[in-house]
Amino acid sequence: MKRIRSLATGDSMARQHELEIVKSLIIFPSLKIFEYDSYEGFFLFCILLCISAEAEVLKYKNPDEPMNMRIKDLMGRMTLLEKIGQMVQLDRTAATPEIMRDYSIGSLLSGGGSTPLPQATAEDWINMVNGFQNGSLSSRLGIPMIYGIDAVHGHNNVYKATIFPHNVGLGATRDPALAKRIGAATALEVRATGINYAFSPCIAVCRDPRWGRCYESYSEDPTIVREMTEIIPGLQGDLPLNSRKGVPYVASNKVAACAKHFVGDGGTTKGINENNTVIDRHGLFSIHMPAYYDAIRKGVATVMVSYSSWNGEKMHANRDLITNFLKDTLKFRGFVISDWQGIDKITTPIHANYTYSVLKSVEAGIDMVMLPFNHTEFIDILTSLVEKNFIPMSRIDDAVRRILRVKFTMGLFENPMADQTYMHHLGGQMHRDLAREAVRKSLVLLKNGQNADSPLLPLPKNASRILVAGTHANNLGYQCGGWTIAWQGLSGNNLTYGTTILNALSTAVDPSTEIVYSENPSSDFVKSNNFDFAIVAIGEPPYAETKGDSMNLTIMEPGPSTISNVCGGVKCVVITITGRPVVMEPYLPQIEALVAAWLPGTEGQGIADVLFGDYGFTGKLARTWFKTVDQLPMNVGDAHYDPLFPFGFGLTTEPVKEM
């Protein structure tokens, strides 16, 4: 027994030597070196001892070890194939648990609208994610995967989730604390589905509203964008005191965030998506870069690279900005991820020379590649590039170290599986109330009466008869915009749960008030029905990315004719549901009151709250509202600044006091 005790108390080298002796005793039990009550007891002791000693050697699985030691230990055990596997992010449709296991795949994602089932429940999502995670955990080293999704205005791909206003509206609130609360709510809803990584926030500075992603930008002003990076500690949690600059931090009930798209995506020529940003280094660093300083200071876990180019050089191949500046100068210690097939687009045509694309992107400093489909092609090419010394092993190790740092920070090695206790947060009432508050604060009142002495707003709740009109008055899909359930967004009211503007107005007015809804009434209908006033909701159809690029920025038909028919016959308030400023000058004289509601999301009650005076208008333009598209690009501070409504404009109203 003394000998057995020495195994438990000796130094590690002695224990390892004696462990081999014990293992041999299991094979040769006839050797009577120890006195033990029974062979069975001795055999069990030996097995437990072997397990204990092996577990002790695996430092990376020990949460009491310092993180850097765990990373070093794990990387020392990894093959080149396992390291490159960690650099891969696949779409869920291209993955199986076996692929996750056999290739040690680092990450999965759901592309826009990619769900386990139509109208999938939180439990459906969890079961899917856990199935893939079990595959990862069954790999040789059991490295957990991270699952990403575009939660850009709430958990927007998921049925019944709370859909918050898009960033263009949040910028008008001028309320960083609100953005942080939205981040925290989004994190809980993402966690409710077992997902732990959100491709959010977009911290682009949109300098031209013709860009199809302009609604993903908080403002044309880098100062406002910087302030709204408060969404990052909402998503990830507040940094602990004395945290090192650039080191990512993700609290236990939070999600990894992603600052995107690095860098200059909002400054492309004519606002063309994925195009070229022509600007000198000073301009890039004073307009488009500053929000990244704040994101990194707040511990953002990942940064996504932009499809766009800077002065002709593809960002996915820009080593100077990704490695030399982001990593070395700003001391960013999280991982850099490509955009969807982003490295393929380094060449023209796309994927024309994939070996070159892999070489240039990995050399530039991209750590994880959103492929998102063919993992074997990427793995084979990158393996060959390393084995032939085109890419040094140190570059692979840098990428893997960063990926593992985020995973260890997230606690994935201790808690890799989805936590079902969060499921009740999906679409919860507290989050819907928060979204409703965000809608109220995002509304910008651009006109209120033909003169200051005769305002139309706030509207009386006890009117006799109200007309509600317009393509966007009773269409939840239009109200939410792109990146909602489907990548491009949808039309109609059956896509998810929410309240349309029409439904919100119906519940806000006095029970005795009659509401008449007609999407596009004739002028004769309007004039013959003796309405007290009309509310017209018009705007843009849903869109995302390149499909949203617009050179004319006009309101969709029949919006203009609805304005003419309705506002020509009765006092009207026009609500624009758009992802950016649109052409309004020709219609403005007919309109009594004009409200920019942006893309408010699922909680239409926030609009009714302000129209009828339960709350006052407080929003201020975070974007310049142009007169004609010929003026574009035009931003605050430009020498020839002649807007319809200037940056920072927004009329205010006082809440109506109950008698």
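**Backbone features, helix packing and the largest pocket**

Pro349 is located in the loop that connects strand E10 (335–337) to H15. In this predicted model, the peptide bond leading from Thr348 into Pro349 is cis, with omega near 0 degrees. A cis peptide bond also joins Leu632 to Pro633, where omega is about -5 degrees; Pro633 belongs to the segment that follows helix H23 (605–611). A further backbone feature is found at Asn242, which is not a glycine yet has a positive phi of about 65 degrees. Asn242 is placed in the loop between helix H11 (231–236) and E5.

The loop containing Pro349 leads into H15, and helix H15 (residues 354–364) packs against helix H16 (residues 375–387) at an angle of about 65 degrees, the two axes being 10 Å apart. H15 is therefore roughly perpendicular to H16. The crossing of these two helices is right-handed. On the H15 side, the contact involves Tyr354, Thr355, Val358, Leu359 and Val362, which meet Glu377, Phe378, Ile381, Leu382 and Leu385 of H16. Classified by residue type, this contact of H15 with H16 comprises 8 nonpolar, 1 polar and 1 charged residues.

A second helix pair is formed by helix H12 (residues 281–288) and helix H13 (residues 290–297), whose axes come within 4 Å and cross at roughly 50 degrees. This angle means that H12 is oblique to H13. Phe285, Ser286, Ile287 and His288 of H12 make the contact with Pro290, Tyr292 and Tyr293 of H13. The contact of H12 with H13 has 5 nonpolar and 2 polar residues, and no charged residues.

The largest pocket has a volume of about 400 Å³. Two elements, strand E2 (107–110) and strand E5 (258–262), each give two or more residues to the lining of this pocket. Strand E5 is also the element that bounds, together with H11, the loop carrying Asn242. The lining of the largest pocket consists of 23 residues, and those nearest the pocket centre are Tyr307, Trp340, Trp483, Trp487 and Glu545. By class, the lining divides into 9 nonpolar, 6 polar and 8 charged residues.

Terms used
Residues numbered from 1 in each chain as written. Predicted model: local features only at pLDDT ≥ 70, side-chain atom pairs only at ≥ 80, totals over all residues. Heavy atoms only, no water. 1 Å grid on protein atoms, 1.4 Å probe; cavity = no way out; pocket = protein on both sides within 12 Å on 5 of 7 lines; lining within 4 Å. Points joined across faces, edges and corners; volume = space filled by probe spheres on them. Nonpolar A, V, L, I, M, F, W, Y, C, P; charged D, E, K, R; others polar. Axes fitted to C-alpha atoms, helices over the stretch in contact; angles between N-to-C directions. Parallel < 35°, antiparallel > 145°, perpendicular 65-115°, else oblique. Left-handed = near helix turned anticlockwise from the far one by under 90°. Contact = heavy atoms within 4.5 Å.
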